[in-house]
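Hi,

Here's the structure I said I'd pass along. Have a look when you get a minute, and my notes are underneath.

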Amino acid sequence: QVQLVESGGGLVQAGGSLRLSCAASGSIGSINFMGWYRQDPGKQRELVAAITGDVGRNYGDSVKGRFTISRDNAKNTVYLQMNSLKPEDTAVYYCAADVRTWGLVTYLRYWGPGTQVTVSS
């Protein structure tokens, strides 16, 4: 089994910064995709940023130029550096990872429980 645990959420003023972390643990053979999604109540979950392998990154249009995703493969951890935060960035942020567990050949997507980010104006 695989577990994802996010950390780093909290309350910050507009213009401030936060850094989210997500560590994967368990029976991990390899991880391909790692990403961050967010969801506001009543809205669909949207992709914030994703990294595939070591260099393939993509970002949601609303965060381009402000957020940066990175990963540490040795620690099975993905980070999201969020700068110039806006009130509209307020949401629950979820970590996702496509993991191949030992003994399997396919990748399955796992999700973290989410961490709240609140940006005050």
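Below is what turned up on the core, the disulfide and the salt bridges. Keep in mind that this is a predicted model.

Core first. The largest nonpolar core has 29 residues, and Trp-36, Leu-80, Met-82 and Tyr-93 have the most contacts inside it. Several strands give two or more residues to this core, among them E3 (18–26), E4 (28–39) and E8 (77–82). The largest share, five residues, comes from E9. If you want one residue to click on, try Tyr-93: leaving out residues up to four places away in sequence, its contacts include Leu-20, Trp-36, Arg-38, Leu-80, Met-82 and Val-117.

Then the disulfide. A search of the whole structure gives one, between Cys-22 and Cys-95, with the sulfur atoms 2.1 Å apart. Cys-22 sits in strand E3 and Cys-95 in strand E9, so the bond ties together parts 73 residues apart in sequence. Both cysteines are buried. The S-S torsion is about -80 degrees, so this disulfide is left-handed.

On to charges: the same kind of search finds five salt bridges. Arg-38 pairs with Glu-46 at 2.6 Å, N to O, and also with Asp-89 at 2.9 Å. That second pair links strand E4 to the loop between E8 and E9, 51 residues apart. Arg-38 and Asp-89 are both buried, while Glu-46 is partly exposed at 35% relative accessibility. Add Arg-66, and these residues are linked in a network of salt bridges. Elsewhere, Lys-64 bridges to Asp-61 at 3.1 Å, and Asp-61 is exposed, with 68% relative accessibility.

Cheers

Terms used: Residues are numbered from 1 along each chain as its sequence is written. This is a predicted model: local features need pLDDT of at least 70, side-chain atom pairs count only at pLDDT 80 or more; totals for chains, interfaces and linings use all residues. Side-chain values use heavy atoms; hydrogens and water are left out. A nonpolar core is a set of buried Ala, Val, Leu, Ile, Met, Phe, Trp, Tyr and Cys residues joined through side-chain atoms within 4.5 Å. Buried means under 20% relative accessible area, exposed over 50%, partly exposed in between (1.4 Å probe, protein chains only). Helices (H or I, at least four residues) and strands (E, at least two) are DSSP runs, numbered from the N terminus. Contact means heavy atoms within 4.5 Å. A disulfide is a pair of cysteine sulfur atoms within 2.5 Å. A salt bridge is a side-chain nitrogen of Lys or Arg within 4 Å of a carboxyl oxygen of Asp or Glu.
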